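Here is an informal walk through one model, written for someone who likes the cut-offs spelled out. Have the coordinates open as you read.

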Amino acid sequence: MKYLKNIVLLVLLGLFFSVLLAQAPKTPTIDWATETNVNQYEKDILACAVWLKKTPINTLKNTRRDINNFVSQWSSANKDFQVQLFSDIVKFEEGDLLIAFIVGWCEYAIQTRDYNKINCAMAGINCALLIYENNKTIFRRNRQAQKLQKWKEKGILEDKIRKHLK
């Protein structure tokens, strides 16, 4: 009976991780220096955004690294909009939160075709805060994320971004 419980637990864990792996988007290998049609990868970026928001940051580290690299390179190569980091507002030390900000910005811009920097920045921050909150036990304490969350709760986050852009 004891062994049966262990076997069932192992099978369930294996199924859980295989489901996560099966849902991971494939990131194409691209020479970004010569690629002229980066828009063809927008669906891949959207799939990456969904996966990054749903998957705990301590699982499938190689897949996460590949997705983070793909998102970062795509956002740099994209010509429709530029992701802008607000150094006095968005200064995430963790690479995962910075990528979350970038993917949130890109996801919003792709889905809405609204390239307004304030709206895109809000989407990026909201994505980073979601990932931070979902992985709070894994991240070390992040004062920047906590400050942004407080500003959001007080309803002043957008004003801070707007003020920065003036």
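Which residues of helix 2 are buried? They are Glu42, Ile45, Cys48, Ala49, Trp51 and Leu52. Buried here means under 20% relative accessible area, exposed means over 50%, and partly exposed is in between (1.4 Å probe, protein chains only).

Some ground rules before going on. This is a predicted model, where local features need pLDDT of at least 70 and side-chain atom pairs count only at pLDDT 80 or more, while totals for chains, interfaces and linings use all residues. Residues are numbered from 1 along each chain as its sequence is written, and side-chain values use heavy atoms, with hydrogens and water left out.

**Overall layout and confidence**

The chain has seven helices and zero strands, so from the N terminus the elements read α-α-α-α-α-α-α. Helices (H or I, at least four residues) and strands (E, at least two) are DSSP runs, numbered from the N terminus. Of the 166 residues in the chain, 40% are buried. The accessible surface comes to about 10,000 Å², and carbon and sulfur atoms hold 54% of that; the areas come from the Shrake-Rupley method with a 1.4 Å probe, and for residues only the protein chains shown count as cover.

Contact means heavy atoms within 4.5 Å. Take the contacts between residues at least 6 apart in sequence: 65% of them join residues at least 24 apart.

As for pLDDT, that is the predictor's confidence in each residue, from 0 to 100. The chain averages 86, and 87% of the residues score at least 70. Confidence is lowest in helix 1 (residues 2-23), with a mean of 55, and highest in helix 2, at 96. Over residues 18-22 the pLDDT is below 50, and beyond near neighbours in sequence this stretch has six contacts in the model. Where pLDDT is low, the predicted coordinates should not be read in detail.

**Helix spans**

The expected span of a helix is 1.5 Å times one less than its number of residues. Here is how three of the helices do, end C-alpha to end C-alpha.

| Helix | Residues in helix | Span in model | Expected span |
|---|---|---|---|
| Helix 2 | 13 residues | 19 Å | 18 Å |
| Helix 3 | 17 residues | 24 Å | 24 Å |
| Helix 5 | 18 residues | 25 Å | 26 Å |

**Helix 5 and its partners**

Helix 5 covers residues 117-134. Its buried residues include Ile118, Cys120, Met122, Ile125, Cys127, Leu129, Ile131 and Tyr132. What do the buried residues of helix 5 pack against? Their partners are helix 2 (42-54), helix 4 (95-112), helix 6 (143-154) and helix 7 (157-165). At the start of helix 5, a side-chain oxygen of asparagine 116 comes within 2.9 Å of the backbone nitrogen of isoleucine 118.

Past the other end, asparagine 135 sits in the loop between helix 5 and helix 6. Asparagine 135 is buried, at a relative accessible area of 4%. Not counting residues up to four places away in sequence, asparagine 135 touches Pro56 and Ile57.

**Helix 2 and helix 3 again**

Alanine 49 lies in helix 2 and is buried, with a relative accessible area of 0%. Its C-alpha is 5.8 Å from that of valine 103, 54 residues away along the chain. Leaving aside neighbours within four places in sequence, alanine 49 is in contact with Val103 and Glu107.

Helix 3 runs over residues 61-77. Among its buried residues are Arg64, Ile67, Phe70, Val71 and Trp74.

**Cysteines**

How many disulfides turn up in a search of the whole structure? Zero, where a disulfide is a pair of cysteine sulfur atoms within 2.5 Å. The sulfur of cysteine 106 has its closest cysteine sulfur in cysteine 120, 8.5 Å away, so that pair is too far apart for a bond. Cysteine 106 is buried, with a relative accessible area of 0%. Cysteine 48 is buried too, with a relative accessible area of 0%.

**Two positive phi angles**

Most residues other than glycine have a negative phi. Leucine 60 has a positive phi of about 50 degrees although it is not a glycine. Leucine 60 belongs to the loop between helix 2 and helix 3 and is partly exposed, at 22% relative accessible area. Arginine 113, also not a glycine, has a positive phi of about 60 degrees. Arginine 113 is in the loop between helix 4 and helix 5 and is partly exposed, with a relative accessible area of 43%.

Key:
Polar contact = N/O pair within 3.5 Å; in protein donor to acceptor, adjacent residues only side chain to side chain.
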